[in-house]
2 protein chains.
Amino acid sequence: MTPGGALSTDFYELTMMAGYYAAGISSSATFELYVRDLPPRRSFLIAAGLEQALAYLEGLHFDAADIAYVRGLPNLERVPAAFFDDYLPRFRFTGEVWAVEEGTPVFPPEPLLRITAPMPEAQLVETALLAHIGFQTSVASRTARVIEAAAGRPVVDFGARRAHGLDAGLLAARAAFLAGCDATSNVDASRRFGIPVSGTMAHSWVMTFPDEMTAFRAYIEVFGEDTVLLIDTYDTEQAARAIAASGLKPRAVRLDSGDLIAVSRRVRAILDAGGLRGTAIFVSSDLHEDRIAEMVAANAPIDGFGVGGALSTVSDAPALGAIYKLVEIERGGVNVPIMKLSPGKQSYPGRKQVWRRVELGIASGDTIDLDNRPGPDGAQPLLERVMADGRRTRVTPPLAELRARGRTRIAELPAAVRSVRDAAPYPVRLGAGVRETIDRLTHGRAAPSPL
Amino acid sequence: MTPGGALSTDFYELTMMAGYYAAGISSSATFELYVRDLPPRRSFLIAAGLEQALAYLEGLHFDAADIAYVRGLPNLERVPAAFFDDYLPRFRFTGEVWAVEEGTPVFPPEPLLRITAPMPEAQLVETALLAHIGFQTSVASRTARVIEAAAGRPVVDFGARRAHGLDAGLLAARAAFLAGCDATSNVDASRRFGIPVSGTMAHSWVMTFPDEMTAFRAYIEVFGEDTVLLIDTYDTEQAARAIAASGLKPRAVRLDSGDLIAVSRRVRAILDAGGLRGTAIFVSSDLHEDRIAEMVAANAPIDGFGVGGALSTVSDAPALGAIYKLVEIERGGVNVPIMKLSPGKQSYPGRKQVWRRVELGIASGDTIDLDNRPGPDGAQPLLERVMADGRRTRVTPPLAELRARGRTRIAELPAAVRSVRDAAPYPVRLGAGVRETIDRLTHGRAAPSPL
């Protein structure tokens, strides 16, 4: 479908942009993208999607067809013609972007991204930034839980078929690898992002041949024994016995149905008795962190997991509540902090930085404060400048490097915070600069949820 | 990201294709795409995504870069060079496709799509077909519930920012309109699919101006009074009073926070008292069918709903369990029905048709039977041929026409089946042809879940 152009946005972003133009407003504005609350059962998030967000910002422009379409939209008759004739054709994103590196654990309401740009530009990009950052952050955050549950056993992303379209499957594969998956079944993702590719066989392969062993032999004939045979099409244990008796030594077998703990034990025993101690057992079938944790806790003889929709659709929390809020605006040459007071939806005013203190290798807490305030002693800032004047200020590190750095940062979280079940909360506080600004703007009336 | 090429697939589809090639298997095979069980709280599904699936099939090919990449993938060293040199460069999808029209209500385990093609072709397309049909069917099915709950009030898709990337937002807007939404906020979707576009304003517009009324006046200055003012940035009732006192007559106001039933009543009273009986009240804020049903049941003075992530992420059931199963294969010139017996995951053998009986305008039940069996008296077949020799056999009707036809078919479902809460099940039975085939293949041992 190749979306991602200037029209990949909500209509109100365009009308507001036209409104700002008509009203002569091009003041510098700062927006921050953050998550208001952790989704249920999450104790942390993993920032992701920055690379696609920056590519979108760099490429943003209106071509002639875009402009012709916008001109004909309802309610725009009174917009000055110069908006269509001069402004849109020359439109580029010229702002500055600060962001948390992809792969880094973050916590609400820490900004993942902060944009300072002329108001019309900063407004237009809201929808696409939320979609880019929100989705990948959501997938990466779920993945980190699945990886934690797997306790060192490899996890492969199998999510392409369940994803919300092919593009979502591609981006999910990226985010899942970033957050710790070992491989993906998605060939396009493997090519684009350099993710190791992995695959087994489908039931249809087995069903195509007159009998199961003929199907297995035919596969090994082509691909050799360094392959994975799917053994649950008809009768799993019978298939395991047949393989053990056949002389074939496949690298692994895959189980995709039934009680995986019980079946894996019986299959392990059959394989071991048949001299196939080196043949691993790989499982799939609607897996998620709880089922994986259960198998690990039961010491099931399972060597790896294929996880699909749990990752690619973030099945337990598919709509991350990421928001993009105006926090500061230039008025008469002065930057004024701004906040929204809607019930339950207050925002945090001012341009902010997040500081993380890591002591003896363990993160002990974060502080969100105005970016012109010093951080707490020894704390490190999480937001770094990644774009200036609408151009990236650095070469994005390779995905495998982001993954490695991210895994290190996840390992810095206290084990209780990383826990898949009943995780401990991680301390995040508002610094004095933000608190004083809120007090000043609300006269103490309407502080956002206490931190 | 422009995925959708031949590599937008799971690795095992490619290895199996190579395996079939190496094993000299190009028998004709029939696969059916269906949903095994209804997601929780669903009583029917709405078929969607066929158009994108057919476009994918028609465009399918391997370019030189694709082939070079595949050639270098692990485990493919033993695949005959002719696979890469002759077969892949000439590869096209040459199969026949039967499908249920988009917008039509369907029920598990009715096939939404049936493909007959040489085995390697039919296999390759599994992942992409599941992603295309699964996602849009999922969105359309949720949307139908939201539309039912709204009881005639307009519903606008606001889901772009929550969607799983921009492409998912685009496809979600299409599926949501197909299933009954009145408009979308997504400009790209409006352009591509001819969906009416709709938009209001964001809180940031209000916050950009020194005070709220200045912001409202500036908007109406540009866009006229046929517009929607967002009134909950600071104090909703105060904003309503200020508008009523201002002499402005906006088409509508939008509420995006708080107790929408209570607030809409107070705002309605303020607007009415101020002579703004013609100003509608439009609401948004994490809406879904239950909250909408509650507002409708309470007779809240709400004239329309903006719904976001509930539609675009299918938040309550984001991973539709669609599957693509081999049901028949040619062996020695004879078409042999096939079934899988994995515990809890049995498939239904044979090439099938779905028959729906509609009596006095009400659908009374469906029958799934082999496509060479006659349908029940007076029943209509749901699957029609949409592709032959890899080319579409018809011009796809415009989306608005599919929507209208679909709405008619949804209206044919018994009201109890359409109900948002505690819906009645709809009768779907297996015809004699399928039942006899299952008995024959299992010797009565392992029938799939009874129907």
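Two residues are taken to be in contact if their C-beta atoms, placed from the backbone, lie within 7 Å. In the predicted model examined here, this criterion brings together Ala218(A), Tyr219(A), Val222(A) and Phe223(A) of helix 10 of chain A with Thr15(B), Ala18(B), Gly19(B) and Ala22(B) of helix 1 of chain B. By class, the residues of this contact between helix 10 of chain A and helix 1 of chain B comprise 6 nonpolar and 2 polar, with no charged residue. The axes of helix 10 of chain A and helix 1 of chain B, the latter formed by residues 11-22, lie 9 Å apart at an angle of about 95°, which means that helix 10 of chain A is roughly perpendicular to helix 1 of chain B.

The wider contact between the two chains takes 88 residues from chain A and 88 residues from chain B. On the side of chain A that touches chain B, the elements that give two or more residues include helix 1 (11-22), helix 6 (126-150), helix 10 (212-223) and strand 12 (322-331) of chain A. Helix 1 of chain A supplies the largest share of that side, namely 8 residues. When the residues of the side of chain A that touches chain B are sorted by class, 44 are nonpolar, 32 are polar and 12 are charged.

The relation between the copies was then considered. A turn of 180° with a shift of 0.0 Å along the axis lays chain A on chain B with an RMSD of 0.0 Å, and the two copies are therefore related as by a two-fold rotation axis. Of the interface residues of chain A, 100% are also interface residues in chain B, so the copies meet through the same surface.

Taken by itself, chain A contains 17 helices and 19 strands, and its C-alpha trace spans about 85 × 55 × 40 Å along its principal axes. Chain A has 451 residues, of which 57% count as buried. Among the contacts in chain A with a separation of 6 or more, 72% are accounted for by residues 24 or more positions apart.

Helix packing within a single chain is illustrated by helix 11 (residues 236-246) and helix 12 (residues 260-273) of chain A, which pack at an angle of about 15° with their axes 9 Å apart. Because angles under 35 degrees count as roughly parallel, helix 11 of chain A is described as roughly parallel to helix 12 of chain A. Helix 11 of chain A passes helix 12 of chain A in a right-handed crossing. Residues that make the contact include Thr236(A), Glu237(A) and Ala240(A) of helix 11 of chain A, together with Val263(A), Arg266(A) and Ala273(A) of helix 12 of chain A. The contact of helix 11 with helix 12 of chain A divides into 7 nonpolar, 1 polar and 3 charged residues. Ala273(A), which lies in helix 12 of chain A, is exposed, because 12 other C-beta atoms lie within 10 Å. Between the C-alpha atoms of Ala273(A) and Pro398(A), which are 125 residues apart along the chain, the separation is 44 Å.

A further pair of helices is found in chain B, where the axes of helix 6 (residues 126-150) and helix 13 (residues 289-297) come within 8 Å and cross at roughly 10°, so that helix 6 of chain B is roughly parallel to helix 13 of chain B. In this pair, Arg145(B), Val146(B), Ala149(B) and Ala150(B) of helix 6 of chain B meet Glu289(B), Ile292(B), Ala293(B) and Val296(B) of helix 13 of chain B. The contact of helix 6 with helix 13 of chain B has 6 nonpolar and 2 charged residues, and no polar residue.

Methods
Residues are numbered from 1 along each chain as its sequence is written. Chains are lettered from A and ligands numbered from 1 in the order in which they are written. This is a predicted model: local features need pLDDT of at least 70, side-chain atom pairs count only at pLDDT 80 or more; totals for chains, interfaces and linings use all residues. Axes are lines fitted to C-alpha atoms, for helices over the stretch in contact, and angles run from 0 to 180 degrees between N-to-C directions. Helices (H or I, at least four residues) and strands (E, at least two) are DSSP runs, numbered from the N terminus. Angles under 35 degrees count as roughly parallel, over 145 as roughly antiparallel, 65 to 115 as roughly perpendicular and the rest as oblique. A crossing is left-handed if the near helix is turned anticlockwise from the far one by less than a right angle, and right-handed if clockwise. Ala, Val, Leu, Ile, Met, Phe, Trp, Tyr, Cys and Pro count as nonpolar, Asp, Glu, Lys and Arg as charged, and the others, Gly among them, as polar. A residue is buried if 20 or more other C-beta atoms lie within 10 Å of its own, exposed if 12 or fewer, and partly exposed in between; C-beta atoms are placed from the backbone. Copies are superposed by least squares on the C-alpha atoms of residues with pLDDT of at least 70 in both.
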